[in-house]
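Here are a few exercises to work through with the model open. Try each one before you read the solution.

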Amino acid sequence: MMTDPIADLLTRIRNAATAGHPALRVPNSKVKGQICRILKIEGFISDYEFVNSGPQGHLDITMKYGPGRECAIRGLRRLSKPGCRQYVKTKEIPKVFNGLGIAIVSTSQGMMTDRAARKAHVGGELVCAVW
């Protein structure tokens, strides 16, 4: 049994980026799909696709690399953990590397980036930071 599936997703992405793999496969969930959607919109991954196989299906994620084979994702950090959740108000949402990275926030209006949460004036749980 996995206690933190979001941390598992981030670790798999981090390991694939370090090893230079072109793609990876992770078990599917709604939260993982929303995180992948945000990473694709922000340009950290090339694409992701839901494949309906088995009881829950899986996500096939295509990594994004630059011309010198450097990965678009420099780092990932899980901010709110199952043992210690981090909730923030709108004005307390941190900027990742002074706006060069993103923080993913789980709000009452769904998963969104830190910029979108500030614009919508909503706070929530800090899920992770990507730069």
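Contact here means heavy atoms within 4.5 Å. Helices (H or I, at least four residues) and strands (E, at least two) are DSSP runs, numbered from the N terminus. This is a predicted model, where local features need pLDDT of at least 70, side-chain atom pairs count only at pLDDT 80 or more, and totals for chains, interfaces and linings use all residues. Residues are numbered from 1 along each chain as its sequence is written, and side-chain values use heavy atoms, with hydrogens and water left out.

**Exercise 1.** Find which residues of α1 are buried, and what they pack against.

*Solution.* Start with the helix itself: α1 has 15 residues and reaches 21 Å from its first C-alpha to its last. Next, pick out the buried ones (under 20% relative accessible area, 1.4 Å probe, protein chains only): Ile6, Asp8, Leu9, Leu10, Ile13, Ala16 and Ala17. Finally, look at their surroundings: the buried residues of α1 pack against β1, α2, β3, β4 (76-78) and β8 (124-130). Just after α1 comes Gly20, with a positive phi near 80°.

**Exercise 2.** Work out the strand order of the open sheet of 3 strands, and which strands stand at its edges.

*Solution.* Strands pair if DSSP finds at least two bridges between them. β1 and β3 (residues 58-63) do so over 5 bridges, in the antiparallel sense; Ala23, for one, has Thr62 in β3 as its bridge partner. The full order is β1-β3-β2, with antiparallel pairing. β1 (23-27) and β2 (45-51) each have a single partner strand, so they stand at the edges, with one side of each left without a neighbour in the sheet.

Note on methods: Expected span 1.5 Å × (residues − 1). Buried < 20%, exposed > 50% of the residue type's maximum accessible area, 1.4 Å probe, protein only.
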